[in-house]
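This report introduces a protein model to a reader who has not met it before. It begins inside the fold and then turns to the chain as a whole and to its surface.

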Amino acid sequence: FTERIIAFARQHRLTLNTLIQGAWTLLLHHFSGDSQVMHGSVVSGRPADLRGVEKMVGLFINTLPVRGMIEPEQTLVTWLAEKQQQLLSLREYETTALTDVQRWNDMPAGSALFDSIVVFENYPAADTPDVGFTVEQVRYLEQSNYPLALLVVPGDVLELLLLYDMARF
């Protein structure tokens, strides 16, 4: 299944992240019935133009809103290509605080732009140097303050983890 998804993405010059974000948009549309849905996308990056970035340690992680418009007359591939361009354009804002985005949209303080997020774990796994022991049965502990979170862990087998607030779902 994972190989077929990756082959589809390559065939249409799309990223795996675009396919997942598109599927999430379609899923939200299906369950909400709305032709326009909003979710958060966790972005990470180390912008080269950030002053002093070479002296900073750690990941740069932020969550930005992604608006999904369902266009029934479009083909899936055309719609996904537009989704990919939208996600690429988010890079311009990857260091922008979500509170600033809310203010730009005239949102009342404390109101949420979205109730779900997509986290695409795309950072490379570091090679472990030979230190004389091995680490086995690695487990991740993930938490989210959003009612619904999709965690995507690409690899030989695409892993999808769904975190949700049991009081709401």
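In this predicted model, Leu19 is in contact with Ile5, Phe8, Ala9, Leu14 and Leu80, leaving aside its neighbours within four places in sequence. Leu19 also appears in the largest nonpolar core, a set of 18 residues. Leu19, Ile20, Trp24, Val152 and Leu158 are the residues with the most contacts inside this core. At least two core residues come from each of α1 (2–11), α2 (16–32), α3 (76–89), β3 (116–120) and β4 (148–153). The most is given by α2, which supplies 5 residues. Another core, of 14 residues, lies apart from this one and includes Val66, Leu87, Leu113 and Tyr146.

Strand β3 deserves a closer description. The strand is mostly covered, with 5 of its 5 residues buried. In a regular strand, side chains alternate between the two faces of the sheet. In β3, Ser116, Val118 and Phe120 point one way, while Ile117 and Val119 point the other way, and all are buried.

The pairing of β3 can be followed on both partners. With strand β1 (residues 36–44), β3 pairs in the parallel sense over 2 bridges, and Ser41 stands opposite Val118 of β3. With β4, β3 again runs parallel, and 5 bridges join the two strands. Leu148 in β4 is the bridge partner of Ser116.

As for the protein chain overall, it contains 4 helices and 5 strands. Along the sequence these elements follow the pattern α-α-β-β-α-α-β-β-β. The C-alpha atoms fill a box of roughly 55 × 40 × 40 Å, taken along the principal axes. Of the 169 residues in the protein chain, 32% are buried. Among contacts with a separation of 6 or more, 60% are between residues 24 or more positions apart. The accessible surface of the protein chain comes to about 12,200 Å², and 54% of this area belongs to carbon and sulfur atoms.

Several individual residues help to describe the exterior. Which residues make the nonpolar surface patch of about 490 Å²? The patch is made by Leu162, Tyr164, Met166 and Phe169. Met166 lies in the segment after β5 (159–164).

Two loop residues may be set beside Met166. Pro72 is found in the loop between β2 (61–69) and α3. Pro72 and Glu54 are 18 residues apart in sequence, and their C-alpha atoms are 46 Å apart in space. Arg13 belongs to the loop between α1 and α2. Although Arg13 is not a glycine, it has a positive phi of about 55 degrees.

The table gives the relative accessibility of these residues.

| Residue | Relative accessible area | Class |
|---|---|---|
| Met166 | 68% | exposed |
| Pro72 | 70% | exposed |
| Arg13 | 74% | exposed |

Are these residues counted as buried or exposed, and why? A residue is exposed when its relative accessible area is over 50%. Met166 is therefore exposed, because its value is 68%. Pro72 is exposed because its relative accessible area is 70%, and Arg13 is exposed because its relative accessible area is 74%.

Note on methods
Residues are numbered from 1 along each chain as its sequence is written. This is a predicted model: local features need pLDDT of at least 70, side-chain atom pairs count only at pLDDT 80 or more; totals for chains, interfaces and linings use all residues. Side-chain values use heavy atoms; hydrogens and water are left out. Patches are made of residues with over 30% relative accessible area and no salt bridge: like charges are joined within 9 Å, nonpolar side chains (Val, Leu, Ile, Met, Phe, Trp, Tyr) within 5 Å. Accessible areas come from the Shrake-Rupley method with a 1.4 Å probe; for residues, only the protein chains shown count as cover. A salt bridge is a side-chain nitrogen of Lys or Arg within 4 Å of a carboxyl oxygen of Asp or Glu. Buried means under 20% relative accessible area, exposed over 50%, partly exposed in between (1.4 Å probe, protein chains only). A nonpolar core is a set of buried Ala, Val, Leu, Ile, Met, Phe, Trp, Tyr and Cys residues joined through side-chain atoms within 4.5 Å. Contact means heavy atoms within 4.5 Å. Two strands pair if DSSP finds at least two bridges between them.
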